[in-house]
Amino acid sequence: MVRIKGHEFFAQLMVVLLLASLPAQAAEPPPSTTQQASEDELVKQTQNPVADLITVPLQNNFNFGTGSKNRTVYIGNIQPVIPIKLGDDWNLITRTIMPIINQPSLFAGTGSATGLGDINPTFFFSPAKPGELIWGVGPTFTLPTATDSLIGSGKFSMGPAGVVLTMQGPWVFGALANNQWSVAGWGKNNVNSFLLQPFVNYNLPDHWYLVSAPIMTANWAAAKAGDVWTVPLGGGFGKLFRLG
């Protein structure tokens, strides 16, 4: 995870790959109203972090004006989501974030880095038949897999995680949160960090949607009070593609 002090503005592009067997559609006639409604519902399910679907969201984040040099940091998150059925009442949703980061020199005397960041797997236990309020809870981990110390913590960390959301008409909105503490690793600084990611999706025709999902972080171990919170502002758009 890249840690940048202060406020940021970001732009976001989302592409979601849905890995599932879907019925083929003929070119003619055009999809019926029922078919269209079913596909619209499917799009909203791909925006649900604990949906019973195998998906691969590809999230591209461009954080502008970071550091004293006002540089742009790119973070591309590959986020495969794989559900595992645990009987009739519960699902285990595995969600792994694999960040690809390009971070230029942000401050005087610091270098730049490009490569793989720390991989973050999370395991959500979620009801198989939720109501209007959808939720999941479970453990989350950060693995010190970064290819450069500038874009990783150098620590193995773990802690609790939770997600809650609802779907109302074209809207899908909710929040994901976790807190992690380091338990091992070679990094100089211990980790005690909080993450909150509220997300709002507004669905448009033809499987396009608008999205804002800022990743807000708090570094409780920061030496200075002013360095605790990072609160980016911004948004973007996405589209669900059908392959095959």
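Me: What share of the contacts with a separation of 6 or more in the protein chain comes from residues 24 or more positions apart?
Reply: This is a predicted model, in which local features need pLDDT of at least 70 and side-chain atom pairs count only at pLDDT 80 or more, while totals for chains, interfaces and linings use all residues. Residues are numbered from 1 along each chain as its sequence is written, and side-chain values use heavy atoms, with hydrogens and water left out. A contact means heavy atoms within 4.5 Å. For residues 24 or more positions apart, the share of the contacts with a separation of 6 or more is 59%.

Me: How many helices and strands does the protein chain have?
Reply: Helices (H or I, at least four residues) and strands (E, at least two) are DSSP runs, numbered from the N terminus. By that rule, the protein chain has one helix and 14 strands.

Me: What percentage of the 244 residues is buried?
Reply: Buried means under 20% relative accessible area, exposed means over 50%, and partly exposed is in between (1.4 Å probe, protein chains only). Of the 244 residues in the protein chain, the buried share is 44%.

Me: Which strand gives the most to the largest nonpolar core?
Reply: A nonpolar core is a set of buried Ala, Val, Leu, Ile, Met, Phe, Trp, Tyr and Cys residues joined through side-chain atoms within 4.5 Å. The largest one has 18 residues, and Val50, Phe124, Val163 and Leu165 have the most contacts inside it. Strands E9 (155-168), E10 (171-185), E11 (192-203) and E12 (208-212) each supply at least two of its residues. With four residues, the strand that gives the most to this core is E9.

Me: How many residues are in the other core, the one with Val73 and Ile75?
Reply: This core lies apart from the 18-residue one, and its members include Leu106 and Ile151 as well as Val73 and Ile75. In soluble globular proteins, nonpolar side chains tend to be buried together. The number of residues in this other core is six.

Me: How many bridges join E9 to E10, and which residue of their hairpin takes a positive phi?
Reply: Two strands pair if DSSP finds at least two bridges between them. E9 and E10 run antiparallel, joined by 12 bridges, and Gln168 stands opposite Trp171 in E10. Their hairpin has two residues between the strands, and the one with a positive phi near 60° is Gly169.

Me: Which residue in E9 is the bridge partner of Ile134?
Reply: E9 also pairs with E8, in the antiparallel sense, over nine bridges. In E9, the bridge partner of Ile134 is Leu165.

Me: How far apart in space are Asn48 and Val164, C-alpha to C-alpha?
Reply: Asn48 is found in the loop between H1 and strand E2 (55-66), and counts as buried at 7% relative accessibility. Leaving aside neighbours within four places in sequence, Asn48 is in contact with Ile134, Leu165 and Met167. Asn48 and Val164 are 116 residues apart in sequence, but in space their C-alpha atoms are separated by 9.3 Å.

Me: Which residue meets Lys44 in a salt bridge?
Reply: A salt bridge is a side-chain nitrogen of Lys or Arg within 4 Å of a carboxyl oxygen of Asp or Glu, and the structure holds one. Both partners lie in helix H1 (residues 33-46), three residues apart, about one turn of the helix. Lys44 is buried, at 12% relative accessible area, whereas its partner is partly exposed at 35%. At 3.6 Å, N to O, the side chain meeting Lys44 belongs to Glu41.

Me: Which strand supplies the largest share of the nonpolar patch?
Reply: Patches are made of residues with over 30% relative accessible area and no salt bridge, with like charges joined within 9 Å and nonpolar side chains (Val, Leu, Ile, Met, Phe, Trp, Tyr) within 5 Å. This one covers about 840 Å² and includes Trp90 and Trp135, and Trp135 is partly exposed at 33% relative accessible area. Accessible areas come from the Shrake-Rupley method with a 1.4 Å probe, and for residues only the protein chains shown count as cover. Strands E4 (81-86) and E8 (134-142) each supply at least two residues, and the largest share, three residues, comes from E4.

Me: Is Asn70 buried or exposed?
Reply: Asn70 lies in the loop between E2 and strand E3 (71-78), and has a positive phi near 55° though it is not a glycine. With a relative accessible area of 55%, Asn70 is exposed.
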